[in-house]
2 protein chains.
Amino acid sequence: MGRVTIRAVAEATGFSKTTVSFAFNDPNRIGKQTREKILAVAADLGYVPNPGARNLSLGRHGTIGLLLPQNIPRAFANPYMSLILQGIGQVCESEGHTLTLIPPIKESLLLGVRSAAVDGLITLGLDPGSETVEVIRKRHLPFVTIDGRSGNGFPVVGIRDRELAGEAMRYVVEQGHRRVVVVSIIDARDFSEGSYVRNERLVGYQHAFDQAVSAGDPSAELLHLACDATLAGGRAVVEQLRELKPLPSAVLVMSDIVAIGIMERLFEIGLQVPGDISLVGFDDIPEAGIVRPQLTTVSQPGEDKGRAAAEILMRMLRGEHVRPETVLHGRLLLRGTVSRPPAHAR
Amino acid sequence: MGRVTIRAVAEATGFSKTTVSFAFNDPNRIGKQTREKILAVAADLGYVPNPGARNLSLGRHGTIGLLLPQNIPRAFANPYMSLILQGIGQVCESEGHTLTLIPPIKESLLLGVRSAAVDGLITLGLDPGSETVEVIRKRHLPFVTIDGRSGNGFPVVGIRDRELAGEAMRYVVEQGHRRVVVVSIIDARDFSEGSYVRNERLVGYQHAFDQAVSAGDPSAELLHLACDATLAGGRAVVEQLRELKPLPSAVLVMSDIVAIGIMERLFEIGLQVPGDISLVGFDDIPEAGIVRPQLTTVSQPGEDKGRAAAEILMRMLRGEHVRPETVLHGRLLLRGTVSRPPAHAR
DNA sequence: TTGTACGCGTTATCAG
DNA sequence: CTGATAACGCGTACAA
């Protein structure tokens, strides 16, 4: 037995498709007798409207898309993504929408954007000039960018990455650290577009370091490493860290999950945090509060970001006007992974 | 300027809609000249096929649905859900599918299932007899259940919850614990269907306790508490725990994230783990390995569960035969949160 | 090699 | 006031 279509119900009742549709969607437009008969027969046959056809007809899908810069396993290996998801989910809940995760297909965002049946998109760090944005435009899809550069006329949601990175760096230098490593996160290969936030933070770190360290201090050095935004990535980067001679006394990381991986691995090889190496993360994921010592980090509101983006998107779907830029509040959260450098490093 | 439809391209080129469609989807069926002209004009107009219409016509959506028993924020407050998601995501990646998260709408799963434009569903702990399953059937949607009871003819993926819970309990009793608390997790209000796994584990705990404790031991007692499957839920349940006199010496928890919340809070009120209270979790999320002491837990393969479910679903979509039941491997993972009971509790 | 017609559900518009 | 016709968007079996 195949699917029961509206046509089958129409034939079984003797009414037209229109009338059957009205029985469900605009009950007052038909007679009571008619409606009841149709509903009874429909229930009897087990009629469920084909959602695809329904969506096509209505011109809406009841779902919004989250365009991921990486595949799902990699993206969600970072708990910070889960926070953003939770924020978006709050709005989905209240608006009765589902959420479609759109990973790159064959390493390309384009296919997903072309073929996703969604009412709008939330993107992560999408560059205004990319071809992907071009397609989104052609499809007349409203979209919001989280952590991306503004300037394409579509709204962005973010924090002051540059300033916050600078704040973290100033704090570390003030504690006496002069040999500092920044660990940034590797963007997906196909996603050169995703580097805006990383660049902002790098500039912030570098600038603050240059400002805070006395000019010409020969011992001062700012180094740069990168790894995947995962626990394993953090653990792996320690192998590069320990190669550095002399060992840096402070490490600033662009992602908490990486910082935690680093801390784990440092413990394993017998180094203390913050005794031997001070550590500053970025994000303030829940995990940063459950490790010991608790992670000093740049706290940014992941859930709020997601919620703000989703709310803006919903407003766009209703045709309301939205602010082009939403800057949320972040702050340096002092906890237990930064101390003065060890004696030999001063 | 409105959307560019296939019709617009047909009119602009002078060919029919069919021919335009062939230019994209079956290039060899039309002349080279024709194709090139059509492609040029289409590119010029900025034609992007309407995905909704395309999906309707093809009878497939290129997305699978994950039916969540709770709203997105609550579901993903537990990192274990993220593991399942990552497993599913691996398959989405390789099959070029997107993933639609379907939370309950107005506390009801039914609406989501009726209106989701998906090729198939993965459900979490859905009861075979529920009305939701009825609708899934009517829609002829293939689906797979993770952590649910088998018996509706649709495949299930799970572990031996009962046996594993029993194993954890036996271990704890063997360590000398006689006053034990089980902390289970509260199902979503509207999702009475979700309790299968919880019941299985409860039976396993209880049975093993009864077997392992000498009959008639008056000091032996197994108590039962419940909370949300979140860090906050774990922290909150400690307030109930500390009311118990005498204090239990061991707590078995159905979720790692809850166990970690409990451990956090116990530390705050000055109790040691495992010195004062031994703790066993369930799941083996990454966080269980980063807390100190590391959490003793029942390890179950969340990623594998997600991947297995998604692979089975893909096979169903291809019309291939699938095994009705997939039982994955779990094991008791001994780490640092269980010791012998403190002297006063022996 | 190209075009006609159909299927899905909704709704503007028209007929009774 | 009640109910029906036709169009929307796309892909494709079938006809020409």
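Which residues in α9(A) meet which residues in α10(A)? Keep that question for the second stop.

**Setting up**

This is a predicted model, in which local features need pLDDT of at least 70, side-chain atom pairs count only at pLDDT 80 or more, and totals for chains, interfaces and linings use all residues. Residues are numbered from 1 along each chain as its sequence is written, while chains are lettered from A and ligands numbered from 1 in the order in which they are written.

**Stop 1: domains of chain A**

Select residues 1-47 of chain A for domain 1, then 161-300 + 330-345 for domain 2. The bounds come from an automatic or database domain assignment. The C-alpha centres of the two domains of chain A lie 64 Å apart.

**Stop 2: a helix pair**

Select residues 161-174 of chain A, helix α9, and residues 196-212, helix α10. Helices are DSSP runs (H or I, at least four residues) and strands are E runs of at least two, numbered from the N terminus. The axes of α9(A) and α10(A) come within 7 Å and cross at roughly 35°. Each axis is a line fitted to C-alpha atoms, for helices over the stretch in contact, and angles run from 0 to 180 degrees between N-to-C directions. The crossing is right-handed: the near helix is turned clockwise from the far one by less than a right angle.

Now the opening question. On the α9(A) side, show Asp161(A), Arg162(A), Glu163(A), Leu164(A), Ala165(A), Gly166(A), Met169(A), Arg170(A), Val173(A) and Glu174(A). On the α10(A) side, show Val197(A), Glu200(A), Arg201(A), Val203(A), Gly204(A), Tyr205(A), His207(A), Ala208(A), Phe209(A) and Ala212(A). Contact means C-beta atoms, placed from the backbone, within 7 Å. By class, this contact of α9(A) with α10(A) has 10 nonpolar, 3 polar and 7 charged residues. Ala, Val, Leu, Ile, Met, Phe, Trp, Tyr, Cys and Pro count as nonpolar, Asp, Glu, Lys and Arg as charged, and the others, Gly among them, as polar.

**Stop 3: chain A against chain B**

Show both chains. 49 residues of chain A are in contact with 49 residues of chain B. Elements of chain A that each supply at least two residues to this side include α5 (72-76), β2 (98-102) and α12 (256-268). Pick out α6(A): α6(A) gives the most, with 8 residues. The side of chain A that touches chain B has 24 nonpolar, 17 polar and 8 charged residues.

Next, superpose the copies. Chain A can be laid on chain B with an RMSD of 0.1 Å, by a turn of 180° and a shift of 0.1 Å along the axis. The fit is by least squares on the C-alpha atoms of residues with pLDDT of at least 70 in both. The two copies are thus related as by a two-fold rotation axis. Select Thr100(A): in chain A, its C-alpha is the nearest to the axis, 2.0 Å from it. The same surface serves both copies, as 100% of the contact residues of chain A recur in chain B.

**Stop 4: the DNA strands**

Start with DNA strand C. Of the 27 residues around strand C, Ile6(A), Ala53(A), Ser57(A), Ser16(B) and Ile30(B) come nearest. Near means a C-beta atom, placed from the backbone, within 6 Å. α2(A) gives the most to this surface, with 6 residues. The surface near strand C divides into 10 nonpolar, 12 polar and 5 charged residues.

Move to DNA strand D. Of the 26 residues around strand D, Ile30(A), Thr5(B), Ile6(B), Ala53(B) and Ser57(B) come nearest. Here α4(B) gives the most, with 5 residues. The classes are 9 nonpolar, 12 polar and 5 charged.

**Stop 5: backbone details in chain B**

- Val273(B) to Pro274(B): the peptide bond is cis, with omega near 5°. Pro274(B) is in the loop between α12 (256-268) and β9 (278-283).
- Arg292(B) to Pro293(B): this peptide bond is cis, with omega near -5°. Pro293(B) is in the loop between α13 (287-290) and β10 (296-299).
- His140(B): phi is positive, about 55°, although His140(B) is not a glycine. Look for His140(B) in the loop between α8 (131-138) and β4 (143-146).

Key. Two residues are in contact if their C-beta atoms, placed from the backbone, lie within 7 Å.
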